[in-house]
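User: I'd like to learn how to read helices, buried residues and empty spaces in a protein model. Can we go through one together, step by step?

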Amino acid sequence: MSTSNIQIVPISQSKINTVDFDNLVFGTVFTDHMFECEYKDGKWQTPVIKPYGDITISPSARVFHYGQAVFEGMKAYKDENDDVFLFRPDENFKRINKSSARLAIPEFPEDYFFDGLKELLNIDKDWIKKGVGNSMYIRPFVVATQPAISASPAEEYKFMIILSPAQAYYAGEVRVLFAEKYSRAADGGVGFAKAAGNYAAQFYPTKLAHEKGFQQIIWTDASSHEYLEEAGTMNIFFRVGDTLLTAPNNDRILDGITRKSLIQIAKDNGIDVEIRRISVAEIKDAARKGELKEIFGSGTATVVNPIIGFSHGGEEFDLPKLDDSYASLFKEKLMNIQYNISEDPYGWRMKI
């Protein structure tokens with residue numbers, strides 16, 4: 001497919017001049033246009049780019065009753081020459097189809113995805129602002145739209161892409177609670193997928209953590225709660241001495257694109273990386289001995305999010321403040337690639 005096969009319905013007047021780009025609240029402002037494609041009669045139909053606006057959906061649409069919904073999170077960046085870049089978008093495309101397959105949703109065609117995304121970004125290019133920290137957050141998602149409440153996979157879906165301008169994400173000082181009761185995902189489940197229900201299930205235990213003064217939860221394995229896996233909506237890293245530790249991918253842990261990028265950057269900077277199961281006891285012991293130097297999360301929105309302390313079993317631990325942290329090193333190197341400030345030896349950048 002080429003962009004000539006995408007139906008384009010332009011807006012009559014842009015709303016860009018009504019937006020205060022210096023005071024954006026993440027995920028609340030959206031650009032002029034959106035991408036939409038329907039699945040019916042056993043195939044994906046002609047895609048359309050049209051003015052951003054409400055959609056009409058039946059109250060009996062299966063997404064409301066059986067949760068067939070998956071999404072992705074990715075970003076576009078503008079350099080000082082006004083060129084726009086995506087970061088490893090092939091990984092996002094593969095992951096949304098992997099997520100879809102797990103929820104019995106038909107996979108989306110690659111040419112539809114990339115041609116539609118590029119055209120959408122080009123149309124709303126003025127919404128992407130220059131400067132490190134500024135970006136365009138991209139949200140592709142799929143929902144089951146067939147109006148039927150029988151408990152079976154839908155036969156009709158809607159694939160959409162919406163765009164939201166974003167500023168540098170700052171979460172403030174983050175303290176975390178190691179999970180002792182609740183779990184994010186279980187063996188054989190959908191933890192590896194970006195299924196909408198995964199996030200809904202996190203809200204209640206995270207709310208309880210907030211009430212205790214913690215900003216996030218580091219999830220532990222569902223069977224024993226002895227091994228650390230993910231932090232809130234992020235992958236998690238631990239620095240013990242000068243060694244970087246992170247949990248291996250499995251069917252409970254999201255295959256984070258930022259995560260795999262940081263692992264590669266760490267290795268190329270001569271840092272020892274161990275990808276293995278990490279026990280709560282091991283991290284608490286390292287903290288007591290003064291060997292635990294850093295904990296940080298990684299993800300599309302935050303890139304790298306340092307954690308200043310954690311609690312488990314009634315014990316609280318503070319982490320040291322470092323001038324030469326791995327977190328700051330990785331964040332700078334990764335963002336320099338994303339914003340076309342440095343060379344990209346990995347081929348991760350895609351110019352629009």
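**Reading helices, buried residues and spaces**

Analyst: Sure, let's begin with a helix. At 1.5 Å a residue, the 12 residues of α5 should span 16 Å, and the end C-alpha atoms of α5 are 17 Å apart, so the two values agree. Keep in mind that this is a predicted model.

User: Which residues of α5 are buried?

Analyst: The cut-off here is under 20% relative accessible area. In α5 the buried residues are I257, T258, R259, S261, L262, I263, I265 and A266. Look just past the end of α5 too: G270 has a positive phi of about 75° there.

User: How does the length check turn out for α4?

Analyst: Helix α4 covers residues 196-211, which is 16 residues. From first C-alpha to last, α4 reaches 24 Å, close to the 22 Å expected at 1.5 Å a residue.

User: Where does α4 have a kink?

Analyst: The kink lies at F203 and is about 30°. The proline P205 comes shortly after F203. And just after α4, G213 takes a positive phi of about 95°.

User: Which residues of α4 are buried, and what covers them?

Analyst: The buried ones are N198, Y199, Q202, P205, T206 and A209. Their cover includes three strands: β5 (69-71), β10 (175-178) and β11 (216-220).

User: Let's try a single residue. Is E36 buried or exposed?

Analyst: With a relative accessible area of 6%, E36 falls under the 20% cut-off and so counts as buried. E36 sits in strand β2 (residues 33-40). Once you set aside neighbours within four places in sequence, E36 is in contact with P47, V48, K50, I55, K158, F159 and M160.

User: And how far is E36 from K78 in space?

Analyst: C-alpha to C-alpha, E36 and K78 are 24 Å apart, with their positions 42 residues apart in sequence.

User: Why does E91 count as buried?

Analyst: E91 counts as buried because its relative accessibility is 14%. E91 belongs to helix α2 (residues 89-102). Leaving out neighbours within four places in sequence, E91 is in contact with I257 and K260. You've already met I257 as one of the buried residues of α5.

User: Now the empty spaces. What is the idea behind finding them?

Analyst: You roll a probe the size of a water molecule over the atoms, and that shows where empty space is left. Let's take the cavities, then the pockets.

User: How many cavities of 30 Å³ or more are there?

Analyst: There are three of them. The largest cavity holds about 110 Å³ of space. It is lined by 13 residues, and Y77, F87, T258, T300 and Q338 are the closest to its centre. The elements giving two or more residues to this lining are β6 (74-78), α5 (257-268) and α7 (326-338), and β6 gives the most, with three. By class, the lining of the largest cavity has six nonpolar residues, six polar and one charged.

User: What lines the second largest cavity?

Analyst: The second largest cavity has a volume of about 40 Å³. Its lining consists of R184, A185, W219, T220, E229, E230, R252 and I253. Both β11 and β12 (227-231) give two or more residues to that lining. Sorted by class, you get three nonpolar, one polar and four charged residues.

User: On to the pockets. Which element gives the most to the lining of the largest pocket?

Analyst: That's α4, with four residues. The largest pocket has about 980 Å³ of space. Among its 37 lining residues, F26, Y137, Y199, T233 and A301 are the closest to its centre. Y199 is also among the buried residues of α4. The lining of the largest pocket divides into 16 nonpolar, 17 polar and four charged residues.

User: And how much space lies in the second largest pocket?

Analyst: About 590 Å³. Of the 26 residues lining the second largest pocket, N305, P306, I307, I308 and A327 are the closest to its centre. At least two residues of the lining come from each of β17, β18 (303-307) and α7. By class, the lining of the second largest pocket has 13 nonpolar, five polar and eight charged residues.

Key
Residues are numbered from 1 along each chain as its sequence is written. This is a predicted model: local features need pLDDT of at least 70, side-chain atom pairs count only at pLDDT 80 or more; totals for chains, interfaces and linings use all residues. Side-chain values use heavy atoms; hydrogens and water are left out. The expected span of a helix is 1.5 Å times one less than its number of residues. The bend at a residue is the angle between axes fitted to the seven residues ending there and the seven starting there. Buried means under 20% relative accessible area, exposed over 50%, partly exposed in between (1.4 Å probe, protein chains only). Contact means heavy atoms within 4.5 Å. On a 1 Å grid over the protein atoms alone, a cavity is a set of points where a 1.4 Å probe fits but cannot get out, and a pocket is an open set with protein on both sides within 12 Å along at least five of seven lines; lining residues have an atom within 4 Å of a point. Grid points are joined across faces, edges and corners, and a volume is the space filled by probe spheres set on the points. Ala, Val, Leu, Ile, Met, Phe, Trp, Tyr, Cys and Pro count as nonpolar, Asp, Glu, Lys and Arg as charged, and the others, Gly among them, as polar.
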